[in-house]
Amino acid sequence: GPRPASGFAACMRRAGLRARAALIRAIAMPLDGDPAVCRQIMEVFQRHDPSGAGVISFGQLEKLLTSKSFGCTEDNVKLALELWGREGDRTVDYASLITWAMRCEPDAVALAAPAPASAPAAAAAARARARPVGGRKIMMVFGPPGAGKGTIAPQLSEAYGIPQLSTGDMLRSAVAEGTPIGLQAKDVMARGGLVPDDLVVSIIRERIRSEDCVPGFLLDGFPRTSVQAQLLDSMLKETADRVGCVLALVVPDEALRIRICGRWVHKASGRSYHVTRAPPRSLRPGDAPSPTTMLDDESGEPLMQRPDDTEEALGKRLKAYHDETAPILRHYEPTGVVCRADADCMPQDMWDRVKDVVKF
């Protein structure tokens, strides 16, 4: 039959070098038909086929082949599929595709199995397979600027043994790792656009498959709208999970004004101080806060105030928070998972205010 486009075959050969997984080791551009290379390529496809059925959709195939693992261009993929003569199929038997593209014998891929896992990895895989459907502790924490989310979220994470997941961190990680979803997000961000809600949910879906999320997880920075909340709920239903606790930190606006407008930071380290709640040693009683009197305890360097830590900026931030958050709380209220905690207190007292309010 017709042979694959040379660019596509080259991409397939490079797969061994470019795969992120440790399954593939130092393969130096071997010739077409090398059984070892064909098996290594097969292992890459198997890693992207959780069902183990040996087939993936054409959409999945295109995403995989244009991902960092293979580095094919869209034109290479389209031309190869046309030459293969199977572009009309809805799914792809990837063993057949590899056999055709690499000119190897069917036996080279038909019996291919993933590389042996280490004992810890095998144990983790076994635990993942044995994971009961549903029942995870899934939390969200909401609070206006300065309410203390940064204080209480790590404490909740530690108390319940669940990771704190930041959407920003997950996006950056997916982009850095070159996952298919991460590459889509990278393309959107490179054009200066906002990452679509469904793509963010896909990144969350990918992240919460990790072993550390078996007990549950705490979402930080998501959802921000009721539409995002609905998308999240639909995604969680896939594994019979649901949001179990939505914690809202309540602090009067005047208290927030005092907290935020009194906040100073050390730019180099990120250490944070407050004129009354956590003053640096350099601020003496009666001193007016200024770059001269507000000095970092460790370096002695002047502290600074962020541009958005002003009364004018705070007013806009509070309005945005209330406009965004109120619909989300209304979305979850009927399910009985919303709980509110009085967070008008010192940081060291916040846990006592929250621990008896949070219920699963």
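How many helices and strands does the secondary structure of the chain come to? In this predicted model, the count is 15 helices and 9 strands.

**Figure 1. The chain as a whole.** The predicted model has 360 residues in the chain, and 41% of them count as buried. Among the contacts in the chain with a separation of 6 or more, 69% are accounted for by residues 24 or more positions apart.

**Figure 2. The open sheet of 5 strands.** The strand order is β4-β5-β3-β6-β9, and the pairing is parallel. The edges are taken by β4 and by β9 (338-342), each of which has a single partner strand, so one side of each is left without a neighbour in the sheet. From one strand to the next, the twist averages 25°.

**Figure 3. Pairing of β5 with β4 and β3.** The parallel pairing of β4 and β5 runs over 3 bridges. Leu-165 has Leu-219 of β5 as its bridge partner, and Ser-166 has Asp-220 of β5. β3 and β5 also pair in the parallel sense, over 4 bridges. Here the bridge partner of Met-139 is Leu-218 in β5. β5 itself is mostly covered, with 4 of its 5 residues buried.

**Figure 4. β6 and its pairing with β3 and β9.** β3 and β6 are parallel and pair over 4 bridges; Met-140 has Val-246 of β6 as its bridge partner. The parallel strands β6 and β9 are joined by 5 bridges. Val-246 appears again in this pairing, with Val-338 of β9 as its bridge partner. Of the 6 residues of β6, 5 are buried, meaning under 20% relative accessible area, so this strand is largely enclosed by the rest of the structure.

**Figure 5. Helix α8 across the sheet strands.** α8 lies across β3, β4, β5 and β6 (245-250). The helix runs at about 170° to β3. Both α8 (149-160) and β3 (137-142) also belong to the elements that give two or more residues to the lining of the second largest pocket, shown in the next two views.

**Figure 6. The centre of the second largest pocket.** This pocket has a volume of about 1,000 Å³. Its lining is made up of 43 residues. Those that lie nearest the centre are Pro-144, Pro-145, Gly-146, Lys-149 and Gly-150. By class, the lining has 20 nonpolar, 14 polar and 9 charged residues.

**Figure 7. Elements that line the second largest pocket.** Which element gives the most to the lining of this pocket? α14 does, with 6 residues. The strands that give two or more residues to the lining are β3 (137-142), β4 (164-166), β5 (216-220) and β8 (272-274). The helices that do so are α8 (149-160), α9 (167-177), α13 (253-261) and α14 (311-332). Among these elements, β3, β4 and β5 are also strands of the open sheet.

How values were computed:
Residues numbered from 1 in each chain as written. Predicted model: local features only at pLDDT ≥ 70, side-chain atom pairs only at ≥ 80, totals over all residues. Heavy atoms only, no water. 1 Å grid on protein atoms, 1.4 Å probe; cavity = no way out; pocket = protein on both sides within 12 Å on 5 of 7 lines; lining within 4 Å. Points joined across faces, edges and corners; volume = space filled by probe spheres on them. Nonpolar A, V, L, I, M, F, W, Y, C, P; charged D, E, K, R; others polar. Pairing = 2+ DSSP bridges. Axes fitted to C-alpha atoms, helices over the stretch in contact; angles between N-to-C directions. Contact = heavy atoms within 4.5 Å. Buried < 20%, exposed > 50% of the residue type's maximum accessible area, 1.4 Å probe, protein only.
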